[in-house]
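Work through the exercises below with the model open. Each task is followed by its solution.

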Amino acid sequence: MRTLAREIDGMELPAIEKLSESQQENAFQILIATLLSARTQDATTLAASTRLFRRARTPRSLARLPVREIERLIYPVSFYRTKAEHVQATADIVATTYGGRVPDRLEDLVRLPGVGRKTATLVMILAFGSQQHICVDTHVHRISNRLGWVETRTPDDTEQALYRNTDARWWPLINLYLVTWGQNVCRPVYPRCGACALAASCPRLGVSTPSRQT
Ligand code: SF4
């Protein structure tokens, strides 16, 4: 993790990290942007979030927008119709049930429409500064297995294995480091093992086609 911290310095940050920096930890906007980001390119998530928040920034104002308008604003994020419904329903629950404040407990977050464990743990880390959670997405799942930190089949299993196998001081940083590494070096296909600072200690488990380029 220390090597990764050094290596990712200067690399482009994942969209949600950028957004959480620019939103100065506005929990509601981090929640909505994270919800939009599932299976969507970073640039698309950033652009869609910016359009949406320009139109409505608060839970109450977003809950009042018609779903069709939210659809138009967030297009072309993937599953934009379903996500538009989730965004509006989540905004409504935050506005009415939680008095306009995003709940700061994981068990409450995962009950919001469209919010899975990955979104909830990232919101806990980025919006509430949690030191107790690890956010596992496909990058974290894939790279943790390649490095041999875990031996798991699902992101949920990876999360639990990482709690057991890694030092707690790194938990809130694992997502940032491995997502950045996954987007730049340890890519899903053709990982750049020849240019990887972790190569000497990485068993490359499951990697059959490393990139020929460095
Ligand atoms: S050596 Fe290859 S598989 Fe291992 S972390 Fe680096 S890029 Fe990923």
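**Exercise 1. Find how many residues of each domain are in contact.**

Step 1. Take the bounds: domain 1 is 15-128 and domain 2 is 134-201, from an automatic or database domain assignment.
Step 2. Count contacts (heavy atoms within 4.5 Å). Seven residues of domain 1 meet twelve of domain 2.
Step 3. Check the spacing. The domain centres, taken over C-alpha atoms, lie 25 Å apart.

This is a predicted model: local features need pLDDT of at least 70, side-chain atom pairs count only at pLDDT 80 or more, and totals for chains, interfaces and linings use all residues. Numbering starts from 1 along each chain as its sequence is written, and side-chain values use heavy atoms, with hydrogens and water left out.

**Exercise 2. Find the area buried between domain 1 and domain 2.**

Step 1. Use the accessible area (1.4 Å probe) lost when the two parts are put together, summed over both.
Step 2. The result is about 710 Å², with 57% on carbon and sulfur atoms.
Step 3. Assign the domain 1 share. Arg-117, Lys-118 and Ile-125 supply 56% of what domain 1 buries against domain 2, more than any other three residues.

**Exercise 3. Which residue forms a salt bridge with Glu-159?**

Step 1. Apply the criterion: a Lys or Arg side-chain nitrogen within 4 Å of an Asp or Glu carboxyl oxygen.
Step 2. One salt bridge is counted between the domains.
Step 3. Arg-117 pairs with Glu-159, with the closest N and O atoms 2.7 Å apart.
Step 4. Place the contacts. Helix H9 (residues 117-128) gives five residues, the largest share of the domain 1 side touching domain 2. Helices here are DSSP runs (H or I, at least four residues), numbered from the N terminus.

How values were computed: Helix = DSSP H or I, 4+ residues; strand = E, 2+ residues; numbered from the N terminus.
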